[in-house]
Amino acid sequence: MTNFKPQKLFSAVCVFCAIIFLSACGNATKENTGAEKKDSLVINNKQLEKSIGLFKEATLPFMVDTALLFRLEKGDSLGEFEIKMLTANCFKHDLLSGLEYDLNTFYKIDSIKAAGKYKQYCDSLDIGMTKFSTAHALNEIQLDENTLILVWGLRTSSYEACPYSSTYAVYFTIVYRGNVGETFLLGEYVTWADAPVAMQRTVNGKLLTDGTLTIDVTQINDQDVDLPEVVVHKEQYSFAIKDGSIKLVSEKKNPETKTARKKVGF
């Protein structure tokens with residue numbers, strides 16, 4: 001009969017447990033690496049640090065199309081203070097030509113709501129005036145160890161009459177080394193009509209892992225709903241985000257073309 005030696009069994013169990021423990025520690029170290037990288041992004045503005053909690057984490061590549069634009073209102077609401085903080089330094093480009101007006105309208109309506117006078121404001125509106133304007137936190141994306149991208153949206157629409165306008169717009173703000181940097185457009189869907197004239201503009205943006213941003217613009221101008229054709233204008237842009245700044249890499253503006261009107265809408 002084989003002699004049973006409890007000392008050897010105990011030693012074997014200890015060695016086995018040690019192997020399991022070291023393996024678990026190794027895996028934990030690997031898993032914590034990503035968390036440590038994200039935690040290394042120190043935010044210097046306490047209010048900004050608090051507001052970042054409203055943004056849902058996302059990864060690259062990140063694309064904005066109408067599927068995202070039409071649901072931007074599901075994001076947590078942002079107020080005048082947060083938006084002014086995010087837009088303190090807007091990138092200078094024609095694609096942002098209407099942002100200042102939209103922001104001022106948002107600030108006005110947001111302050112009216114805060115004063116409890118929004119119903120009176122709506123009752124006083126005339127045709128063409130903006131009735132609805134809200135801002136929403138969407139996503140936060142870590143571009144690199146020093147750069148955080150905050151994606152947010154602005155939704156506006158006018159009084160229900162002609163002329164009429166409606167905008168879904170998504171912007172992003174760079175937070176570089178803990179400080180708020182430049183803000184720029186990432187996607188947009190705009191419609192405007194004053195019969196018989198109408199316009200539709202779609203901006204699709206895509207942010208890649210290397211910090212490259214591509215933007216495609218399609219604008220359809222309808223000069224008369226009774227005409228068989230509409231005028232189409234397209235533009236393509238490429239930008240680079242590096243060291244907290246945005247740089248224009250290339251742009252292409254195609255000549256206007258005419259195309260047959262779609263049977264439904266544009």
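Two strands count as paired if DSSP finds at least two bridges between them. Strands (E, at least two residues) and helices (H or I, at least four) are DSSP runs, numbered from the N terminus. With that settled, I can start on the sheet.

This is a predicted model, where local features need pLDDT of at least 70, side-chain atom pairs count only at pLDDT 80 or more, and totals for chains, interfaces and linings use all residues. Residues are numbered from 1 along each chain as its sequence is written, and side-chain values use heavy atoms, with hydrogens and water left out.

I begin with β5 and its neighbours. In the pairing of β5 with β6, threonine 156 has threonine 167 of β6 as its bridge partner. The two strands run antiparallel and are joined by 11 bridges. The hairpin connecting β5 to β6 passes through five residues.

On the other side of the pairing list is β4. β4 and β5 are also antiparallel, with 12 bridges between them. One position to look at is threonine 134, which stands opposite arginine 155 in β5. The hairpin of β4 and β5 has two residues between the strands.

How much of β5 is buried? Buried here means under 20% relative accessible area, exposed means over 50%, and partly exposed is in between, with a 1.4 Å probe and protein chains only. By that cut-off, 12 of the 12 residues of β5 are buried. In a regular strand, side chains alternate between the two faces of the sheet. For β5, one side carries Thr147, Ile149, Val151, Gly153, Arg155 and Ser157, the other Leu148, Leu150, Trp152, Leu154, Thr156 and Ser158, and both faces are covered. Arg155, the residue opposite threonine 134, is therefore on the list of buried residues along with Thr156.

Next, another hairpin. β10, residues 229–242, pairs with β11, residues 245–253, in the antiparallel sense over eight bridges. Isoleucine 241 has isoleucine 246 in β11 as its bridge partner. Two residues lie between these strands, and aspartate 243 takes a positive phi near 55° in this hairpin.

Now the charged pairs. Side chains of opposite charge can pair when their charged atoms come close. A salt bridge is a side-chain nitrogen of Lys or Arg within 4 Å of a carboxyl oxygen of Asp or Glu. The whole structure has seven, and I will go through some of them.

In helix α2, residues 46–51, glutamate 49 and lysine 46 are three residues apart, about one turn of the helix. Their side chains form a salt bridge at 3.9 Å, N to O. Glutamate 49 is partly exposed at 41% relative accessible area, whereas lysine 46 is exposed at 65%.

Helix α4, residues 80–86, holds glutamate 80 and lysine 84, four residues apart, again about one turn of the helix. The closest N and O atoms of this salt bridge are 2.7 Å apart. Both ends are partly exposed, with glutamate 80 at 23% and lysine 84 at 42%.

Which parts of the chain does the salt bridge of glutamate 160 and lysine 131 tie together? Its closest N and O atoms are 3.1 Å apart. Glutamate 160 lies in the loop between β5 (147–158) and β6 (164–176), and lysine 131 in strand β4 (residues 130–144), so the pair ties together parts 29 residues apart in sequence. Glutamate 160 is exposed at 54%, while lysine 131 is partly exposed at 24%.
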